[in-house]
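Thank you all for coming. Please bring up the sequence and the model on your screens, and we will go through them together.

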Amino acid sequence: MPDRNCGREKEIRQKYDTFASFYNLIEGIPELFVIRHLRKKLIPQATGKVLEIAVGTGKNLCYYPEICQITGIDNSTAMVKIARKRMKKLKRHVTFFIMDASTLAFRDQSFDTVVSSLCLCTFADPVAALIEMDRVCRTDGQILLLEHGRSSQKWLRSLQDCTVDCCVKGLGCHWNREPLNLIRQAGLRIVYAQCSFLGVFYLIKARPSGVFGNTA
């Protein structure tokens, strides 16, 4: 990863370490009225060995089928600490690692399902992170994404474009990125994409590109 991206990843990690304790409050209203419904719709589709990228405080954990074997990675130690507490309350077994999404320390095709939610906005290099998701997912596996991005409504797009610098500075969030374009740039094959809430939130199911060889 270029030095510039390393610096940005470090900055994002520091931000999330700082506000991990009140992160759930920050997302409170959208979580209650929009995001929770989308999690319930997407996450139960996971199967087999699952890798969750940027697991955060573990908000997806309660929606996985019990049969799934879950590994979660995040670059924030403070966020993972909260996720561990949530895991214990749910009585689920999850293996956690502190790791950057753009340099995953897993072998090619290690997982049946790769999951990421509300993360492409924060990655220093979102395309690199998506390519890593592609690499570690089995050729016949699936990549499940819950993302937000640039609105389909002109007035809201303009607001996002005008305020993105403030969002990046405060929360490390580029809230006007376009998830579908990023996914296509990474070479993933989009199976379906559903958009909601003024064209801001996306539910996406994708298949690996197949460039990392056949399933072992």
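Let me begin with a question: in which strand is the place of His148? His148 sits in strand β5, which covers residues 137-148, where strands (E, at least two residues) and helices (H or I, at least four residues) are DSSP runs numbered from the N terminus. Before going further I should say that this is a predicted model, in which local features need pLDDT of at least 70 and side-chain atom pairs count only at pLDDT 80 or more, whereas totals for chains, interfaces and linings use all residues. Residues are numbered from 1 along each chain as its sequence is written, and side-chain values use heavy atoms, with hydrogens and water left out.

His148 is buried, at a relative accessible area of 13%; buried here means under 20% relative accessible area, exposed means over 50%, and partly exposed is in between, with a 1.4 Å probe and protein chains only. If we set aside the neighbours within four places in sequence, the contacts of His148, meaning heavy atoms within 4.5 Å, include Cys121, Cys173, Trp175 and Phe201.

Two of those partners are cysteines, which brings me to the sulfur atoms. With a disulfide defined as a pair of cysteine sulfur atoms within 2.5 Å, the count comes to zero. Cys173 is in no disulfide, and the nearest cysteine sulfur, that of Cys121, is 3.7 Å away. Cys173 counts as buried because its relative accessibility is 12%, whereas Cys195, at 44%, counts as partly exposed.

Now to the aromatic rings. A pair of aromatic rings is described by the distance of the centres and the angle of the planes. Rings of Phe, Tyr and Trp (for Trp, its six-membered ring) pair if their centres lie within 6.5 Å, and planes under 30 degrees apart count as stacked, over 60 as edge-to-face and the rest as tilted. By this rule there are three aromatic pairs. Phe106 and Phe111 have ring centres 5.1 Å apart and planes at 90 degrees, so this pair is edge-to-face. Phe197 and Phe201, by contrast, form a tilted pair, with 6.0 Å from centre to centre and 50 degrees between the planes. Phe201, the contact of His148 that I named earlier, is buried at 8%, while its ring partner Phe197 is partly exposed at 49%.

Ring pairs also link Phe97, Phe106 and Phe111 into a cluster, in which Phe106 is buried at 17% and Phe111 is buried at 4%. Lys49 lies over the face of Phe111, at 5.8 Å from the ring centre; the rule for a charge over a ring is that NZ of Lys or CZ of Arg is within 6 Å of the ring centre and within 35 degrees of the ring normal.

Which helix should we look at next to β5? Helix α5, residues 126-136, is mostly covered, with nine of its eleven residues buried, among them Leu130, Met133, Asp134 and Arg135. The buried residues of α5 pack against β1 (49-53), β4 (111-117), β5 and α7 (179-185).

Finally, the chain as a whole. There are seven helices and seven strands, following the pattern α-α-α-β-β-α-β-β-α-β-α-α-β-β along the sequence. Buried residues make up 50% of the 216 residues, and among contacts between residues at least 6 apart in sequence, 69% join residues at least 24 apart.
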